Amino acid sequence: MAITSLENKTIGLVLSGGGVRGMAHIGVIKAMEEVGLTAKIVSGSSVGALVGALYANGNSVSDMLRFFKETPLFKYNFFAIAKPGLIDTERYVSIFKNYLPHDSFDALEKELCIVATNLQEGEEAFIDKGELIKPLLASAALPPVFSPVMYNGSLYADGGIMNNFPLEPILGKVDFIIGSNVSIVSKLQKKDLNNSLQLTGRTTGLMIYAINREKIKKCNIVFEPKSLEHIGILDRKGIEKAYAIGYETAVGKFKEMS
């Protein structure tokens with residue numbers, strides 16, 4: 001399908017989880033803007049929820065990158081006390097309010113739905129109304145690094161635990177679906193599976209991809225840059241590189257469509 005044929009189509013955007021690799025989502029959004037594509041509905045999980053919220057709020061690409069560069073991952077006075085997790089996730093509320101001062105889904109310029117995991121009920125939760133920041137923090141609270149967030153009387157954590165590619169809120173609501181999946185799986189060499197940490201990371205990645213593979217196939221166009229796998233999910237030094245990879249991948253695919 002040519003880019004020009006999408007001018008009168010409603011577009012949905014699905015953004016996966018994947019830590020720092022999620023900066024590729026911002027690159028995809030930049031490329032979308034350059035070809036005149038705007039999503040009406042955004043659905044995101046974990047870092048995809050954070051990028052989706054900033055996009056739905058009308059923040060510029062430079063603002064989005066600044067948010068992730070300036071938000072500390074590990075800060076000594078953010079360490080959790082009497083909470084499960086290394087970092088107290090709720091210490092980030094004030095930082096988020098600098099970018100999302102209205103703290104409300106209703107105040108966003110675009111329709112947004114995010115997914116978080118209710119740890120007590122063992123269920124995914126799609127959230128698209130009410131207060132915004134606490135659900136966002138919950139959606140991105142990757143255990144065991146970040147503590148779960150108390151929201152609506154229950155403890156919530158990373159959306160990617162149950163649903164790393166939340167296509168469901170968009171299906172049937174738009175004419176064209178763009179997916180950005182940064183939890184990719186590529187071939188590895190035997191040397192890349194030498195220790196328990198590498199083995200755990202590989203098996204977790206395979207499970208996440210297998211669960212979401214059929215949903216990814218339902219997108220009209222999907223970006224899955226394989227080179228992102230070389231960027232650690234908590235490696236802040238990879239922010240610009242992941243952004244560039246996402247942008248270049250999307251630009252290349254959009255050129256093929258023009």
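1. Salt bridges first: searching the whole structure, which is a predicted model, turns up seven of them. Three are worth a look here, and then there is helix H7.

2. Glu240 pairs with Lys69, with the closest N and O atoms 2.3 Å apart. Glu240 sits in helix H7 and Lys69 in helix H3, so this pair ties together parts that are 171 residues apart in sequence. Glu240 is partly exposed at 38% relative accessibility, and Lys69 is partly exposed too, at 39%.

3. Within helix H1, Lys30 and Glu34 make a salt bridge at 4.0 Å, N to O. They are four residues apart in that helix, which means about one helical turn lies between them. Glu34 is partly exposed, with a relative accessible area of 46%; Lys30 is partly exposed as well, at 28%.

4. The side chains of Asp128 and Lys129 also meet, at 3.1 Å from N to O. Lys129 is exposed at 55% relative accessible area, while Asp128 counts as partly exposed at 33%.

5. Now back to H7, residues 239-257. Its 19 residues, at 1.5 Å each, should span 27 Å, and the end C-alpha atoms are indeed 27 Å apart, so the two agree.

6. Which residues of H7 are buried? They are Ile239, Ala242, Tyr243, Ile245, Gly246, Ala250, Phe254 and Met257. They take up an arc of only 160° around the axis, so they fall on the same side of H7. Their packing partners are helices H1 (23-34) and H3 (61-70) plus strands E7 (176-180) and E8 (221-223). On the face turned away from that buried side you'll find exposed Lys241, Glu248, Lys255 and Glu256.

Technical notes
Residues numbered from 1 in each chain as written. Predicted model: local features only at pLDDT ≥ 70, side-chain atom pairs only at ≥ 80, totals over all residues. Heavy atoms only, no water. Helix = DSSP H or I, 4+ residues; strand = E, 2+ residues; numbered from the N terminus. Expected span 1.5 Å × (residues − 1). Buried < 20%, exposed > 50% of the residue type's maximum accessible area, 1.4 Å probe, protein only. Arc of directions from axis to C-beta. Contact = heavy atoms within 4.5 Å.
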